[in-house]
Amino acid sequence: MSFISRGFQRRQAPTAASDRVPPGQYVTRDFPVLSAGATPRIGLDEWRLELVGEVDQPRRWSWQEFTALPAEDVTVDIHCVTKWSKLDTPWKGVSLDTLLDGVETSAGFVVAHSYGGYTTNLPLDDLTGGKAWVAYRYDGEPLAPEHGGPARLLVPHLYFWKSAKWLRAVELRTDDAPGFWEGYGYHNYGDPWQEQRYSGD
Ligand SMILES: Nc1nc2c(c(=O)[nH]1)N[C@H]1C(S)=C(S)[C@@H](COP(=O)(O)O)O[C@H]1N2
Ligand SMILES: [Mo]
């Protein structure tokens, strides 16, 4: 880190923000919108979330069923591969531990599927253990469509492209399969602390 960023930090943030900013990232107060295509508009009466693939019994939630599940308020830092990080983002969502509770599976991998066709892959272990949510509120408001509303995946410990907006289904798989950006050369795992931006990093 340079002299300038240390000086900036002393004025702006009394807590040690640098410990929270992965290598190569800068902190922004904005909330940039990054979408590979148009924002799909999904009515809450048609909205469904599905758990499919290698499961004993597929599960499906309507909006009413999903929002009746126990939810958590979480405040987390997010890190986009295009190098912005945003600290202390406040979400409300249902933990993947809750959605997967009691599911019998031999799967080790997940593909998240979005309305609009976007996909992203990650190990199942990265969705469990209090590390991932399906978020539907941001900063006390319903999640805005451009940020993935009605509901999006939130996996803050990985680069933010893993946090699929407009989540439609969570597919459990025994084999790994690259998602949209992973198929275009983004890193398969995407740990921001290891700067795993592109395949080979
Ligand atoms: N369905 C879908 N999810 C997506 C994307 C997308 O294009 N489509 N972009 C990803 C990327 S690259 C980032 S950085 C974040 C951006 O979320 P934001 O627009 O709320 O900042 O969403 C991720 N999830
Ligand atoms: Mo991104």
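A residue counts as near a molecule or strand if one of its heavy atoms lies within 4 Å of it. This is a predicted model, where local features need pLDDT of at least 70 and side-chain atom pairs count only at pLDDT 80 or more, while totals for chains, interfaces and linings use all residues. Residues are numbered from 1 along each chain as its sequence is written, chains are lettered from A and ligands numbered from 1 in the order in which they are written, and side-chain values use heavy atoms, with hydrogens and water left out.

**View 1. Who sits around ligand 1.** There are 19 residues around ligand 1, and Pro 32, Ala 36, His 147, Arg 152 and Lys 165 come nearest. Look for the polar contacts (pairs of N or O atoms within 3.5 Å). Lys 165 puts a polar side-chain atom 2.6 Å from a ligand 1 oxygen, and Arg 152 does so at 2.7 Å. Leu 34 joins in with its backbone: one of its polar atoms there is 2.9 Å from an oxygen of ligand 1. Taken alone, ligand 1 exposes 530 Å², and the protein buries 97% of that (Shrake-Rupley areas, 1.4 Å probe).

**View 2. Zooming in on His 147.** This residue is in the loop between β9 (141-142) and β10 (152-154); strands here are DSSP E runs of at least two residues and helices are H or I runs of at least four, numbered from the N terminus. With a relative accessible area of 10%, His 147 is buried (under 20%, 1.4 Å probe, protein chains only). Its contacts (heavy atoms within 4.5 Å) are Phe 31, Pro 32, Val 33, Arg 152 and Lys 165, leaving aside residues up to four places away in sequence.

**View 3. The β2–β3 hairpin.** Strands β2 (residues 48-53) and β3 (residues 59-62) run antiparallel and are joined by four bridges; pairing takes at least two DSSP bridges. Five residues make the hairpin connection from β2 to β3. Glu 50 faces Arg 60 of β3.

**View 4. Two nonpolar cores.** A core here is a set of buried Ala, Val, Leu, Ile, Met, Phe, Trp, Tyr and Cys residues joined through side-chain atoms within 4.5 Å. The largest has 37 residues, with Phe 66, Leu 127, Val 134, Leu 153 and Leu 172 touching the most other members. Elements supplying at least two residues each include β2, α2 (63-68) and β11 (167-173), and β11 gives the most, with three. A second, separate core of 13 residues includes Val 76, Trp 84, Trp 133 and Leu 154.

How values were computed
Buried < 20%, exposed > 50% of the residue type's maximum accessible area, 1.4 Å probe, protein only. Polar contact = N/O pair within 3.5 Å; in protein donor to acceptor, adjacent residues only side chain to side chain.
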